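Please read the sequence alongside the three-dimensional model shown below. The explanation that follows moves from the interior of the protein to its helix packing and its cysteines.

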Amino acid sequence: MFRTITFIVITAAFLISCADDPNGPYHPRNGDDNRPDTTDTTGGDDTTDPGPVDTTVCFTRDVLPILVSNCTMAECHDADRPEEEINLTSYTSIMNGRKTIVKAGNPSDSKLYESLVDGDSEERMPPPPRSLTQAQIDVIARWIREGARNRDCSADSVACDTTNVLYTSQVAPIITLHCTGCHGGNAPEAGIDLTQRSTVETYARNGMLVGTISHSSGFINMPPSGPRVNDCTIGTIKAWISQGLR
């Protein structure tokens, strides 16, 4: 009898300690799993339940500019003469091209993602030293894992604030996202290195920055492949210039 009581007491104490242990087994109540998404984005197995889906990735805002800036230079994956018949200039060409390069929901089984993280530098795309940053790779992995949807943010009700535009907080991120994939690194296109603020200011003052991104007559369209940047982006650059390049 005494042994039975002792066993019950010890068992109860063990169960209580497990329930209070943050490192113990996780047992969601009523299917409510609020754990963060810890799905591997480094090429591991993505077939396990990733937890809550993050739906903040927007194809037009977050994914397409990375691909256009870094992968669609002339005779790479542009629309005119796409290398390996892979055209990365639009959602339709990416998802419905001759070759299947995206498997929605599974980055590790998608050629697009695999090429970004390939351990062989000769197979990695873009090739070093133009390889994407880890942050850019993570964005593309999340987009694929969330279903590789053609989410367009242009209709989102977000105000375009151009009242006090500063280079560091507003202009530099635009240049990095849309331009420095070509105009950066060890061998920037046309010798124009837009990772340098002084260079950006030079082209802002002579009108070429606004003219090229606006696809205005008499200017070379930038980016040369893919869609024009949105009106808010152009308005932000114009405001920065008119406000004195602060």
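In this predicted model, the largest nonpolar core comprises 24 residues, and Ile140 and Trp143 have the most contacts inside it. Three elements each give two or more residues to this core: helix 2 (59-71), helix 4 (111-117) and helix 5 (134-145). Of these, helix 2 gives the most, with seven residues. In soluble globular proteins, nonpolar side chains tend to be buried together.

The surroundings of Ile140 illustrate how this core is assembled. Leaving aside residues up to four places away in sequence, Ile140 touches Val63, Ile66, Leu67, Leu112, Leu116 and Leu132. A second core, separate from this one, has 20 residues, among them Tyr167, Ile175, Ile192 and Ile234.

The packing of helix 2 on helix 5 may be considered next. Two packed helices are described by the angle between their axes and the distance between the axes. Here the axes of helix 2 and helix 5 come within 10 Å and cross at roughly 125°. An angle of that size falls in neither the roughly perpendicular range, 65 to 115 degrees, nor the roughly antiparallel range, over 145, and the two helices are therefore oblique to each other. The crossing of helix 2 past helix 5 is left-handed. On the helix 2 side, the contact is made by Phe59, Asp62, Val63, Ile66, Leu67 and Asn70, which meet Gln136, Val139, Ile140 and Trp143 of helix 5. An α-helix has 3.6 residues a turn, so residues three or four places apart point the same way. Ile140 and Trp143, already noted for having the most contacts inside the largest core, thus reappear in the contact between helix 2 and helix 5.

Further along the chain, helix 7 (residues 197-205) has Thr199, Val200, Glu201 and Ala204 as its buried residues. These buried residues pack against helix 6, helix 8 (208-213) and helix 9. Just after helix 7, Gly207 adopts a positive phi of about 90°.

The cysteines call for separate treatment. The structure holds one disulfide, formed by Cys160 and Cys232, whose sulfur atoms are 2.1 Å apart. The link of Cys160 and Cys232 is right-handed, with 90° about the S-S bond. Cys160 is located in the loop between helix 5 and helix 6 (167-178), while Cys232 belongs to helix 9 (residues 231-242), so the disulfide ties together parts that are 72 residues apart in sequence. Cys160 counts as partly exposed, at 35% relative accessibility, and Cys232 also counts as partly exposed, at 34%.

Why does Cys76 form no bond with the closest cysteine sulfur? That sulfur, in Cys71, is 8.2 Å from the sulfur of Cys76, which is too far for a bond. Cys76 is partly exposed, with a relative accessible area of 24%. Cys179 is likewise in no disulfide, the nearest cysteine sulfur being that of Cys182, 8.8 Å away. Because its relative accessibility is 13%, Cys179 counts as buried.

The chain as a whole completes the picture. Its secondary structure comes to nine helices and zero strands, and along the sequence these follow the pattern α-α-α-α-α-α-α-α-α. Of the 246 residues, 36% count as buried. Among contacts with a separation of 6 or more, residues 24 or more positions apart account for 59%.

Conventions:
Residues are numbered from 1 along each chain as its sequence is written. This is a predicted model: local features need pLDDT of at least 70, side-chain atom pairs count only at pLDDT 80 or more; totals for chains, interfaces and linings use all residues. Side-chain values use heavy atoms; hydrogens and water are left out. A nonpolar core is a set of buried Ala, Val, Leu, Ile, Met, Phe, Trp, Tyr and Cys residues joined through side-chain atoms within 4.5 Å. Buried means under 20% relative accessible area, exposed over 50%, partly exposed in between (1.4 Å probe, protein chains only). Helices (H or I, at least four residues) and strands (E, at least two) are DSSP runs, numbered from the N terminus. Contact means heavy atoms within 4.5 Å. A disulfide is a pair of cysteine sulfur atoms within 2.5 Å. Axes are lines fitted to C-alpha atoms, for helices over the stretch in contact, and angles run from 0 to 180 degrees between N-to-C directions. Angles under 35 degrees count as roughly parallel, over 145 as roughly antiparallel, 65 to 115 as roughly perpendicular and the rest as oblique. A crossing is left-handed if the near helix is turned anticlockwise from the far one by less than a right angle, and right-handed if clockwise.
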